[in-house]
Amino acid sequence: CNQITRPVVAIHWNAELDNVTSIQESAKLLVSHLREMYPDSTYDLLGYSFGSLVAYEMALELQAKFGHKAVTKLLMLDGSPVYTKKSHGPYLKFIESKESDVSHLQALLGYVAFHIHGHDLTALKTSLTGLTLNEERIKVTADYLSNVTNKEVPAVDLAAASERFFNKMRLINSYEVSSKKFVGEIRLVRPNNPGHVGLEVANVPHDYGLGDIVDGAQDIRLLE
């Protein structure tokens, strides 16, 4: 931290972003806020996992509006447009239904599957399927998580978190990488054996596919 000589802005996914319909829309919104705070700056952008998609699209947005020098460096932590979509594949199946009751059930199951690794959710799914009210499903799921993690999971917090997770999966599912390339230096920090929440991700390029969408130097760091 002592070597950081410029302002650092941490961006958290908040209620304002819950209604966006695409990764690109979220990037435009965040760029507008960033420019309000630091209108005459150049930027280094960092994104982790889902955030790597947002950071990449923010970089494209900034360069399109203010030139290639607007973003000097892009840092990806275990993520990229190609890799993040592929690694979330096991959870995208939970967003297929357009029926509200089924979608709500799938949102809860997807959230649990993402955060609790290796558990058979058949019994939980059976319990949720027999319920008709969202509040009942949330309570049962909250109790399940509390028992598995040995930590109290308030139903109100689970309701908001699962819905946000579901919306993010929708954004990933509909996301298409732009034909435009990021111009500049990019660094990828990734595990030596790529996988996501305990799942192996097959056919992942060494550079997470960045070579096809970046025009500039790539620095790939592997972590054991």
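**Exercise 1. Is Val9 buried, partly exposed or exposed, and what is its relative accessible area?**

Background: the model is predicted, so local features need pLDDT of at least 70 and side-chain atom pairs count only at pLDDT 80 or more, while totals for chains, interfaces and linings use all residues. Residues are numbered from 1 along each chain as its sequence is written, and side-chain values use heavy atoms, with hydrogens and water left out.

Solution.
1. Take the classes: buried is under 20% relative accessible area, exposed is over 50%, and partly exposed is in between (1.4 Å probe, protein chains only).
2. Val9 has a relative accessible area of 34%, so it is partly exposed.
3. Val9 lies in the segment before α1 (23–37). Helices (H or I, at least four residues) and strands (E, at least two) are DSSP runs, numbered from the N terminus.
4. With Ile11 and Met37, Val9 makes a nonpolar surface patch of about 250 Å². Patch residues have over 30% relative accessible area and no salt bridge; like charges are joined within 9 Å, and nonpolar side chains (Val, Leu, Ile, Met, Phe, Trp, Tyr) within 5 Å. A salt bridge is a side-chain nitrogen of Lys or Arg within 4 Å of a carboxyl oxygen of Asp or Glu.

**Exercise 2. Describe the overall build of the protein.**

Solution.
1. Count the elements: there are eight helices and eight strands.
2. The radius of gyration is 19 Å, close to the 17 Å given by the globule rule for 224 residues, so the protein is as compact as a globular protein of that length. The radius is taken over C-alpha atoms, and the rule is 2.2 Å times the number of residues to the power 0.38.
3. The C-alpha trace spans about 55 × 40 × 40 Å along its principal axes.
4. Of the 224 residues, 42% are buried.
5. Take the contacts (heavy atoms within 4.5 Å). Among those between residues at least 6 apart in sequence, 73% join residues at least 24 apart.

**Exercise 3. Check the length of helix α2 and describe its surroundings.**

Solution.
1. Helix α2 covers residues 50–66, and its 17 residues should span 24 Å at 1.5 Å a residue. The expected span is 1.5 Å times one less than the number of residues.
2. The end C-alpha atoms of α2 are 25 Å apart, which agrees.
3. In α2, 13 of the 17 residues are buried.
4. Gly67 follows α2 and has a positive phi, near 95°.
5. Ser49 is in the loop between β1 (43–48) and α2. At 10% relative accessibility, Ser49 is buried.
6. Thr84, in helix α3 (residues 81–87), is buried at 1% relative accessibility. Leaving out residues up to four places away in sequence, Thr84 touches Ser49, Phe50, Ser52, Leu53, Gly79 and Ile172.

**Exercise 4. Which phi values of Ser49 and Tyr208 call for a second look?**

Solution.
1. Most residues other than glycine have a negative phi.
2. Ser49 is not a glycine, yet its phi is positive, about 55°.
3. Tyr208 is not a glycine either, and its phi is positive, about 60°.
4. Tyr208 sits in the loop between β6 (199–200) and β7 (214–215), and is buried at 0% relative accessibility.

**Exercise 5. Place Asn134 and list its contacts.**

Solution.
1. Asn134 is in helix α7 (residues 134–149).
2. Its relative accessible area is 32%, so Asn134 is partly exposed.
3. Not counting residues up to four places away in sequence, Asn134 touches Asp101 and His104.
4. Asn134 and His104 are 30 residues apart along the chain, and their C-alpha atoms are separated by 7.2 Å.

Note on methods: Accessible areas come from the Shrake-Rupley method with a 1.4 Å probe; for residues, only the protein chains shown count as cover.
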